[in-house]
Amino acid sequence: MTGKNLAGPEVDALDLGAVFRALADKHRRSVMTELAADRSDSERGCNSFDLPVSKQTQTHHFRVLREAGLIDEIDYGNRKGIRLRRADIEKRFPGLLALLGAEPPDDTAPL
């Protein structure tokens, strides 16, 4: 079953301010940390992330990540898939995913 790709900005239009705003939230940062750690870059379902928020709030978080250009969302009608835009992120912001990978688990880092 093919889905409709909900595309974010083109790689050259990725904005560092938008990326930082998206990553400022600990739930979105945890999603990105998880995606960055999975080098297979396979598509994942929205429900595969252990986010302690409502489905509506999860939808909001994934939309913010997509609009910042960090993920692609694929809409299958009754579900959505999430895929990290690793190549685009590395091209525009080299080293950003390595920084996310160095983030301590469970957001234990001091603010």
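## Contacts of arginine 28

Contact here means heavy atoms within 4.5 Å. In this predicted model, arginine 28 touches Arg21, Ala22, His60, His61, Val64 and Leu65, with residues up to four places away in sequence left out of the list. Arginine 28 itself lies in helix H2.

One of these neighbours is also a polar partner: the side chain of arginine 28 makes a polar contact with the side chain of histidine 61, at 3.0 Å. Which side chain of opposite charge is nearest to arginine 28? That side chain is aspartate 25, 4.6 Å away. A salt bridge requires a side-chain nitrogen of Lys or Arg within 4 Å of a carboxyl oxygen of Asp or Glu, so a pair at 4.6 Å does not qualify. Arginine 28 is therefore buried yet without a salt bridge.

## Salt bridges in the structure

How many salt bridges does a search of the whole structure find? The search finds seven. Among them are the pairs aspartate 41 with arginine 86, arginine 63 with glutamate 67, and arginine 66 with glutamate 73.

## Aspartate 41 and arginine 86

In the salt bridge between aspartate 41 and arginine 86, the closest N and O atoms are 2.8 Å apart. Aspartate 41 belongs to the loop between helix H2 (26-37) and strand E2 (44-45), whereas arginine 86 is in helix H4 (residues 86-92), so the pair ties together parts that are 45 residues apart in sequence.

The two partners fall into separate accessibility classes. Aspartate 41 counts as partly exposed, at 22% relative accessibility, while arginine 86 is buried, with a relative accessible area of 10%. The cut-off for buried is under 20% relative accessible area.

## Arginine 63 and glutamate 67

A salt bridge within a helix joins the side chains of arginine 63 and glutamate 67, with an N to O distance of 3.4 Å. Both residues lie in helix H3 (residues 55-67), and they are four residues apart, about one turn of the helix.

Each partner is partly exposed: arginine 63 has a relative accessible area of 34%, and glutamate 67 has one of 45%.

## Arginine 66 and glutamate 73

Are the partners in the salt bridge of arginine 66 and glutamate 73 buried or exposed? Arginine 66 is buried, with a relative accessible area of 16%, and glutamate 73 also counts as buried, at 2% relative accessibility. The closest N and O atoms of this salt bridge are 2.7 Å apart.

Key
Residues numbered from 1 in each chain as written. Predicted model: local features only at pLDDT ≥ 70, side-chain atom pairs only at ≥ 80, totals over all residues. Heavy atoms only, no water. Helix = DSSP H or I, 4+ residues; strand = E, 2+ residues; numbered from the N terminus. Buried < 20%, exposed > 50% of the residue type's maximum accessible area, 1.4 Å probe, protein only. Lys, Arg positive; Asp, Glu negative; His and termini not counted. Polar contact = N/O pair within 3.5 Å; in protein donor to acceptor, adjacent residues only side chain to side chain.
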